[in-house]
Amino acid sequence: RGMASRKKLKILALHGYRQSGPDFLSKLEKLGVKTTVEFYCPTAPHFIAGEGPLAAGYGWMVVPTVKETGFDWFKIEEYDGLDESVELLKNEIKAHGPFDGILGFSQGGVVASLLAAVTESGEFPSIKFAIFMASFPASATIWKAKYPENGCSVPSLHFWGTKDNLVSNDLSEELSKLFISPEVHVHDSSHVVPNKGVDKVALRKFLEAHK
C-alpha cells in the first residue's frame with residue numbers, strides 16, 4: 001500500500017512535570033502510530049527533586065511552591081526557568097528538526113501552546129499541527145501575551161479526561177478556545193496519555209488529515 005515508503009511524520013513531544021523524555025516516549029509508543037510517526041522527546045532542563053510520594057524528574061518551568069496540585073499551578077504570574085527551556089528547544093529543533101508537528105502533555109502542553117502561538121510571528125518554525133493532552137493555557141503575564149488575539153491558526157487536537165483531578169476539564173477547554181479550529185476528544189480516563197482504541201482512532205484520523 002506504499003505505507004512503508006512514505007516518510008514518517010516527525011513530532012516534537014514535550015513531557016509533563018516530573019517526567020523525562022525517555023519516560024514520555026515509552027508512553028507515546030503505546031499509541032499505535034509507530035509506523036507513521038517518529039516522536040522526538042527531549043528532556044526539560046530543570047531537575048526537580050523528589051518530595052514525599054512525588055518522584056524526581058524534570059520540568060520546563062520550576063514551581064516556586066511546595067504545593068504542586070491545586071490552583072497555584074494555573075495562576076502563576078511569572079514562570080521561573082521557561083526562558084532556558086525555550087532556548088533548549090530552539091537548539092533541539094536546529095539539531096533534530098524540522099518537525100511536522102508538536103505535542104505536549106500537561107506542563108509540556110503549556111510550552112507547546114506557546115511555541116504554536118509564535119509560529120506566525122516567525123519566532124518558532126512553522127508546524128502543520130499541534131496536539132495537547134491534559135494541558136492548560138499559560139497564566140504568566142509575559143507569556144500569555146504571546147497568544148494571538150484572533151486565535152492561533154495552527155490546526156489543533158485536544159485530549160482531556162473526565163476523571164482528570166490535576167488539570168480541570170475547564171482549563172483544557174480554555175486552552176482549546178485559543179485555537180481557531182480546535183478538534184476535541186474527551187476520554188474517560190484521568191491525567192494520562194490516553195491510549196484506548198477510540199483515543200488511538202481520534203489521533204490517527206487527525207494525523208492523517210494533517211500530514
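**Group meeting talk: walking through a predicted α/β model**

Let's start with one pair of residues: Ile131 stands opposite Leu157 in strand 7. Before going on, a word on what we are looking at. This is a predicted model, in which local features need pLDDT of at least 70 and side-chain atom pairs count only at pLDDT 80 or more, while totals for chains, interfaces and linings use all residues. Residues are numbered from 1 along each chain as its sequence is written, and side-chain values use heavy atoms, with hydrogens and water left out.

Now the overall picture. The protein has six helices and eight strands. Both are DSSP runs numbered from the N terminus: helices are H or I with at least four residues, and strands are E with at least two. Along the sequence, the order is β-α-β-β-β-α-β-α-β-α-β-α-β-α. The radius of gyration is 16 Å, close to the 17 Å from the globule rule for 211 residues, so the protein is as compact as a globular protein of that length. That radius is taken over C-alpha atoms, and the rule is 2.2 Å times the number of residues to the power 0.38. The C-alpha trace spans about 55 × 35 × 30 Å along its principal axes.

How much of the protein is buried? Of the 211 residues, 50% are. Buried means under 20% relative accessible area, exposed means over 50%, and partly exposed is in between, with a 1.4 Å probe and protein chains only.

Back to the strands. Strand 6 (129-133) pairs with strand 7 in the parallel sense over four bridges. Strand 6 also pairs with strand 5, again parallel, over five bridges; there, Ile102 stands opposite Ala130 of strand 6. For two strands to count as paired, DSSP must find at least two bridges between them.

Is strand 6 enclosed or open? Five of its five residues are buried, so strand 6 is largely enclosed by the rest of the structure. In a regular strand, side chains alternate between the two faces of the sheet. In strand 6, Phe129, Ile131 and Met133 are buried on one side, and Ala130 and Phe132 are buried on the other.

Next along the sheet, strand 7 (residues 156-161) and strand 8 (residues 182-187) run parallel and are joined by six bridges. One example is Gly161, whose bridge partner in strand 8 is His187.

How are these strands connected by helices? Strand 5, helix 3 and strand 6 form a right-handed β-α-β unit, and strand 7, helix 5 (residues 169-176) and strand 8 form a right-handed one too. Right-handed means that, with the strands pointing away from the viewer, the path from the first strand over the helix to the second runs clockwise.

Let's zoom in on helix 3. Its 11 residues are mostly covered: 11 of 11 are buried. One resident of helix 3 (residues 107-117) is Val111, which is buried with a relative accessible area of 1%. Which residues does Val111 touch? Beyond its neighbours within four places in sequence, Val111 is in contact with Leu14, Trp60, Met61, Leu82 and Leu89. Here, contact means heavy atoms within 4.5 Å.

Just ahead of this helix, Ser106 sits in the loop between strand 5 (101-105) and helix 3. Ser106 counts as buried, at 10% relative accessibility. Setting aside residues up to four places away in sequence, Ser106 touches Gly16, Met133, Ala134, Ser135, Phe136, Val167 and His191.

Finally, two helices with a buried side. In helix 1 (residues 21-28), the buried residues are Gly21, Phe24 and Leu28. Seen down the axis of helix 1, they fall within an arc of 65°, so they line one face of the helix. The arc is that of the directions from the helix axis to the C-beta atoms. These buried residues of helix 1 pack against strand 1, strand 2 and strand 5.

In helix 6, the buried residues are Asp199, Ala202, Leu203, Phe206 and Leu207. They cover an arc of only 125° around the axis, which puts them on the same side of helix 6. Which residues does the opposite face carry? Turned away from the buried side of helix 6 are the exposed residues Val198, Lys205 and Ala209.

Thanks for listening, everyone!
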